[in-house]
Amino acid sequence: MNLKLFFQAITKYFLGVFLVGILIFLPAGTFSYAKGWILMGVLFVPMLFAGIVMMVKNPDLLKRRLDVKEKQKDQSLVVKLSGLMFVAGFIVSGLGIRFDWYSFPETVSIVASVIFLVSYALYAEVLRENVYLSRTIEIQENQRVIDTGLYGIVRHPMYSVTLLLFLSIPLILGSVYAFFIFFLYPFIIVKRIKGEEKLLEKELEGYSSYMQKVKYRLIPFIW
């Protein structure tokens with residue numbers, strides 16, 4: 001086992017748990033926020049298991065997934081905007097509990113939790129299909145075009161899955177106002193996809209043909 005990678009992964013994991021917890025429960029002014037705990041569970045329990053599997057079976061993939069230092073200026077801005085979206089969304093959700101703002105019914109939270117977990121399973125499938133995935137836009141050595149499975153439906157299934165995941169988050173938390181904040185994500189990710197495809201088309205052999213074969217980038221029959 002790569003101990004350096006293990007400690008890097010476990011440190012980032014618990015830091016994420018701590019930061020999300022602070023952003024949700026501190027604005028709420030209470031730990032008695034059941035929907036907040038539900039989100040913490042559906043978010044971090046599968047993440048822990050996924051991290052363990054990658055550590056054992058594909059540590060190189062885990063290393064790439066932990067790398068968040070985006071080198072391209074435009075794409076760095078996209079990452080920062082996404083982070084700002086999360087911070088604002090979590091804080092607004094907590095404030096909604098503190099000040100008793102209008103919230104979604106309990107059934108919405110339950111359905112959204114199921115959608116989130118199904119999306120997590122699809123996320124794992126995308127990672128299984130494409131071992132070249134990283135959190136930064138780059139072309140890796142010996143990288144090839146993946147055109148089977150979910151990649152045969154849309155060109156960027158990882159972003160399709162994160163779209164479901166991220167839009168489910170405010171629904172799980174029950175926050176109407178946070179949902180409007182997270183609804184900015186589709187617009188943010190469109191910019192990232194366009195920038196990524198320019199690089200892939202230019203530098204990844206066979207990607208231009210793949211774009212002709214699979215017409216839709218993010219959502220089948222829409223875009």
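A residue counts as exposed when its relative accessible area is over 50%, and as buried when that figure is under 20%. Keep that in mind as you click around this predicted model.

**Stop one: D100.** Select D100, in the loop between α4 and α5. Its relative accessible area is 68%, so D100 is exposed. Check the backbone too: phi of D100 is near 55 degrees, a positive value in a residue other than glycine.

**Stop two: L95.** Now step back into helix α4, residues 73-98, and pick L95. Which residues is L95 in contact with, leaving aside its neighbours within four places in sequence? Show P27, A28, D100 and W101. You've already met D100, the exposed residue from the loop. L95 has 25% relative accessibility, so it counts as partly exposed. For a sense of scale, draw a line from the C-alpha of L95 to that of I188: they are 24 Å apart in space and 93 residues apart in sequence.

**Stop three: helix α2.** Colour residues 34-57, which make up α2. Its 24 residues should span 34 Å at 1.5 Å a residue, and the end C-alpha atoms are 35 Å apart, which agrees. Among the buried residues of this helix are L39, V42, L43, F44 and M54.

**Stop four: the second largest pocket.** Keep α2 on screen and add α5, residues 106-129; each of the two helices supplies at least two residues of this pocket's lining. How much space lies in the pocket? About 300 Å³. To find its centre, select A50, V53, M54, A124 and L127, the closest to it of the 15 lining residues. M54 is one of the buried residues you just saw in α2. The largest share of the lining, seven residues, comes from α5. Colour the lining by class and you get 12 nonpolar residues, one polar and two charged.

**Stop five: aromatic rings.** Show the aromatic side chains next; 22 aromatic pairs turn up in the model. Take F6 and F7: their ring centres are 5.4 Å apart and their planes sit at 75 degrees, so this pair is edge-to-face. F6 is partly exposed, at a relative accessible area of 31%. Then select F86, F90, F166, F182 and Y185, a cluster linked by ring pairs.

**Last stop: F221.** Finish in the segment after α9 (207-213), where F221 lies. Like D100, F221 is a residue other than glycine with a positive phi; here the value is near 70 degrees. F221 is exposed, with a relative accessible area of 71%.

Notes: Residues are numbered from 1 along each chain as its sequence is written. This is a predicted model: local features need pLDDT of at least 70, side-chain atom pairs count only at pLDDT 80 or more; totals for chains, interfaces and linings use all residues. Side-chain values use heavy atoms; hydrogens and water are left out. Rings of Phe, Tyr and Trp (its six-membered ring) pair if their centres lie within 6.5 Å; planes under 30 degrees apart count as stacked, over 60 as edge-to-face and the rest as tilted. Buried means under 20% relative accessible area, exposed over 50%, partly exposed in between (1.4 Å probe, protein chains only). On a 1 Å grid over the protein atoms alone, a cavity is a set of points where a 1.4 Å probe fits but cannot get out, and a pocket is an open set with protein on both sides within 12 Å along at least five of seven lines; lining residues have an atom within 4 Å of a point. Grid points are joined across faces, edges and corners, and a volume is the space filled by probe spheres set on the points. Helices (H or I, at least four residues) and strands (E, at least two) are DSSP runs, numbered from the N terminus. Ala, Val, Leu, Ile, Met, Phe, Trp, Tyr, Cys and Pro count as nonpolar, Asp, Glu, Lys and Arg as charged, and the others, Gly among them, as polar. Contact means heavy atoms within 4.5 Å. The expected span of a helix is 1.5 Å times one less than its number of residues.
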